[in-house]
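Student: Could we take a careful look at one part of this model, the place where charged side chains pair, and then work outwards from there? I would like the reasoning to be connected, with the cut-offs stated as we go.

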Amino acid sequence: MPKNIKFLTTLIIGIISLSSSAHAAVDSEVSYILNTLLFLISGFLVMWMAAGFAMLESGLVTSKSVATIAAKNIGLYSIAGLMFWLIGYNLAYGIPEGGFIGNLLPWSDTSSIEKGYSDGSDWFFQMVFCATTCSIVSGTMAERIKIWPFFLFCAILAGIIYPIEMGWQWGGGHLAAAGFSDFAGSTIVHSAGGAAALAGAILLGPRLGRFDETGEAKTMAPFASSSIPLATLGVFILWLGWFGFNGGSQLALGSFDDSTSIATIFINTNLAACAGVMVCAAISRLVGGKTDVVMMLNGALGGLVAITAEPLTPSPIMAILIGGIGGAVVYYGTLFLIKLKIDDVVGAIPVHGFAGIWGTLAVPLTNGSASFGAQVYGIIWINLFVFIVAFVIWYLMKISIGIRISEEAEKLGTDKAEVGVMAYSIRD
């Protein structure tokens, strides 16, 4: 029998058997196929988030930096893919139970029916999560960082820093043994990316003229966003990709319970994002007198980040509450960074760092198997580890090869200074 006919026959038989008994699991081969399919579909949805980050950042930076953002985002995704294959995957999953670090071997395929899914599909799914962490750093440090030091940092983040802290939980390391819970990565992915971005932003300093003599931030030209419609498109792409991010983290599709759980995750993920949008819309209107669209966009992301730590166990009302508070955290976290004179161009630190911490702390509110003590323990370990190591790496690059472009290049714009893009007017 041809392989494609055998595959279809096996799949149809499995689906029929599943429908005949609501809670019966399919046989091992069909379960393998369905689980692998979940990883692959969810993986390419998360990969599509790379486009979302590129569009969001391109829309929020000034018009002098959009081409550089495009170069950074396609570069960081490629670097993450190479580094996670070379050493990252086994640093995370080669870790001994309850341990701290895995081994320095490239990924290799160990697929088997007994494992329950294709090993390659799991590698791909985990790799796109790794790339997301690098994307978070990109927007914060935009418009004044040199592109190649940024690429070097991404290689270290994707190949070493992220896999180590990821393995502490998802690889069965010491945080998993301590009872820490982070379903899809509010802290492991998002707040870790925020910590790396914060370290870099502190050492890099704000853009020229970003703050006046009194410390107030200048929000008008020359710091106006290049395209709000483009940024909005980026958020919608990220929102779509988040269904793969959270839904795929169920890690299985071969049973009634798994399928139902994924649907619940989709609903809670969507509700949290909606709540984040509307909370930021309301606060910006009440506090600032205008309905701030950028805050609404980041509010959506803050809600998504917050629900990521536990999107399955909350009721719809609790998902709305968690996402809404995530939006509020983004709004006030942004004001907090401005007071500290930390220039976060796209608001990635409040969105991913602060909202990620909130979402991780909220897990015990709906998941009885989690504890606040274990959550705080995991948050401290991951954020301090990433921040300290990232700070050291950024500092060493700063005093050696330099990480910031010159004042002249910054005034000219990173598009011309870093990637050689020349803008021509109609008259030219």
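Tutor: Both arginine 207 and aspartate 343 are buried, a word that here stands for under 20% relative accessible area, with exposed meaning over 50% and partly exposed in between (1.4 Å probe, protein chains only). The model is predicted, which is why local features need pLDDT of at least 70 and side-chain atom pairs count only at pLDDT 80 or more, while totals for chains, interfaces and linings use all residues. Residues are numbered from 1 along each chain as its sequence is written, and side-chain values use heavy atoms, with hydrogens and water left out.

Side chains of opposite charge can pair when their charged atoms come close. The structure holds five salt bridges, each being a side-chain nitrogen of Lys or Arg within 4 Å of a carboxyl oxygen of Asp or Glu. One of them pairs arginine 207 with aspartate 343, and the closest N and O atoms of these two residues are 2.7 Å apart. Arginine 207 belongs to the loop between helix H7 (186-204) and helix H8 (228-247), whereas aspartate 343 sits in the loop between helix H11 (316-339) and H12, so the contact ties together parts of the chain that are 136 residues apart in sequence. The helices named here are DSSP runs (H or I, at least four residues), numbered from the N terminus.

Aspartate 343 also forms a salt bridge with arginine 210, with 3.4 Å between the closest N and O atoms. This pair, too, links distant parts of the chain, since arginine 210 lies in the loop between H7 and H8 and aspartate 343 in the loop between H11 and H12, 133 residues apart. Arginine 210 is buried, and so is aspartate 343.

A further salt bridge joins the side chains of arginine 404 and glutamate 410, at 2.9 Å from N to O. Arginine 404 has a relative accessible area of 24% and is therefore partly exposed, while glutamate 410, at 9%, is buried. Where partners are shared, salt bridges connect Glu143, Arg207, Arg210 and Asp343 into one network.

Glutamate 143, a member of that network, deserves a closer look for its backbone. Most residues other than glycine have a negative phi. Glutamate 143 is not a glycine, yet its phi is positive, about 75°. Its place is in the loop between H4 and helix H5 (147-169), and because its relative accessible area is 10%, glutamate 143 counts as buried. Leucine 251 likewise has a positive phi, near 70°, in a residue other than glycine. Leucine 251 is found in the loop between H8 and helix H9 (256-288), and its relative accessible area of 41% makes it partly exposed.

Towards the end of the numbering used so far, glycine 402 lies in the loop between H14 and helix H15 (407-412). With a relative accessibility of 14%, glycine 402 counts as buried. Although glycine 402 and lysine 146 are 256 residues apart in sequence, their C-alpha atoms are 8.0 Å apart in space. Helix H14 itself covers residues 372-400 and includes isoleucine 380, which is partly exposed because its relative accessible area is 45%.

The last subject is enclosed space. A cavity is a set of points, on a 1 Å grid over the protein atoms alone, where a 1.4 Å probe fits but cannot get out, and its lining residues have an atom within 4 Å of a point. The structure holds four cavities of 30 Å³ or more, and the largest of them contains about 70 Å³ of space, a volume being the space filled by probe spheres set on points that are joined across faces, edges and corners. Its lining includes Phe53, Leu56 and Glu57, then Ser135 and Ile136, Asn298 and Leu301, and, further along the chain, Val346, Gly347, Ala348, Val351 and His352. Two or more of the lining residues come from each of helix H2 (28-60), H4, helix H10 (293-308) and helix H12 (348-361). By class, the lining of the largest cavity has seven nonpolar, four polar and one charged residues, where Ala, Val, Leu, Ile, Met, Phe, Trp, Tyr, Cys and Pro count as nonpolar, Asp, Glu, Lys and Arg as charged, and the others, Gly among them, as polar.

Methods
1 Å grid on protein atoms, 1.4 Å probe; cavity = no way out; pocket = protein on both sides within 12 Å on 5 of 7 lines; lining within 4 Å.
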